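Work through the exercises below with the sequence and the 3D structure in view. Try each task before reading its solution.

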Amino acid sequence: AALLMAFQVRLVMKAHSFIRENVPRVLSSVKGKSGTVHIPRISQYLYFLFAPTLIYRDNYPRNPTIRWGYVATKFAQVLGSLFYAYYIFVRLCIPQFRNSSQETFNLRGLVLCIFNSILPGVLILFLVFFAFLHCWLNAFAEMLRFADRMFYK
């Protein structure tokens, strides 16, 4: 459900950017009664939907070729991050809560479980951010030949 919600939020943000960039152009050409109204092509919109950016432009800078070794490296890093997060979860998080269902509830045990899970939780959070925001998005940017990787800098 969280992944679906994140995907929907991304689509809403991209639709907002697309509308915000194109409606003023269309309105100004209608107001000026000019004969040509620039409407983006479907291929431009589809490229924007898959490109790792939230700002719509008609054209983005593009690389001439796709470096497939770079793409494979980024996907391997995603896979490695997922395996490492699984290892941290199994070794450090699950043992903390395994016996909590058989014991009687006490506040001391709950606080100890939470404090012992903070560091593994932060490590998993960093791994997820690295895997998605760095590796996954850079792999798709390379496959789409998206050259503007420092767009927001």
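The exercises go from the whole chain to single residues.

This is a predicted model, in which local features need pLDDT of at least 70 and side-chain atom pairs count only at pLDDT 80 or more, while totals for chains, interfaces and linings use all residues. Residues are numbered from 1 along each chain as its sequence is written, and side-chain values use heavy atoms, with hydrogens and water left out.

**Exercise 1. Fold and spread**

Task: State how many helices and strands the chain has, and why it is described as more spread out than a compact globule.

Solution:
- Step 1. Helices (H or I, at least four residues) and strands (E, at least two) are DSSP runs, numbered from the N terminus.
- Step 2. There are four helices and zero strands, which gives the pattern α-α-α-α along the sequence.
- Step 3. The radius of gyration is 23 Å, well over the 15 Å from the globule rule for 153 residues, so the chain is more spread out than a compact globule. The radius is taken over C-alpha atoms, and the rule is 2.2 Å times the number of residues to the power 0.38.
- Step 4. The C-alpha trace spans about 75 × 40 × 25 Å along its principal axes.

**Exercise 2. Burial and contacts**

Task: Find what share of the residues is buried, and which residues of H2 are buried.

Solution:
- Step 1. Buried means under 20% relative accessible area, exposed over 50%, and partly exposed in between (1.4 Å probe, protein chains only).
- Step 2. Of the 153 residues, 22% are buried.
- Step 3. In H2, the residues Gln 44, Tyr 47, Phe 48 and Leu 49 are buried. Helix H1 (2-31) is included in what covers the buried residues of H2.
- Step 4. Contact means heavy atoms within 4.5 Å. Among contacts between residues at least 6 apart in sequence, 76% join residues at least 24 apart.

**Exercise 3. The recorded transmembrane regions**

Task: Give the secondary structure of the residues that UniProt lists as "transmembrane region".

Solution:
- Step 1. The unreviewed UniProt entry places this feature at residues 68-89 and 109-137. Its positions are given in the numbering used here, feature names are shortened, and annotations may be inferred rather than shown by experiment.
- Step 2. Residues 68-89 are 100% helix and 0% strand, with end C-alpha atoms 31 Å apart.
- Step 3. Residues 109-137 are 100% helix and 0% strand, with end C-alpha atoms 40 Å apart.

**Exercise 4. Asn 63 and Arg 145**

Task: Locate Asn 63 and Arg 145, and find how far apart their C-alpha atoms are.

Solution:
- Step 1. Asn 63 sits in the loop between helix H2 (42-50) and helix H3 (68-98), and Arg 145 in the segment after helix H4 (107-143).
- Step 2. The two residues are 82 places apart along the chain, and their C-alpha atoms are separated by 4.9 Å.
- Step 3. Leaving aside neighbours within four places in sequence, Asn 63 contacts Glu 142, Arg 145, Phe 146, Ala 147 and Arg 149.
- Step 4. Asn 63 is partly exposed at 23% relative accessible area, and Arg 145 is partly exposed at 28%.
- Step 5. Arg 145 has a positive phi of about 60° although it is not a glycine.

**Exercise 5. Ala 141**

Task: Decide whether Ala 141 is buried or exposed, and list its contacts.

Solution:
- Step 1. Ala 141 lies in helix H4.
- Step 2. With a relative accessible area of 1%, Ala 141 is buried.
- Step 3. Beyond neighbours within four places in sequence, Ala 141 contacts Pro 52, Phe 146 and Arg 149.
- Step 4. Ala 141 and Pro 52 are 89 residues apart in sequence, and 6.2 Å apart from C-alpha to C-alpha.
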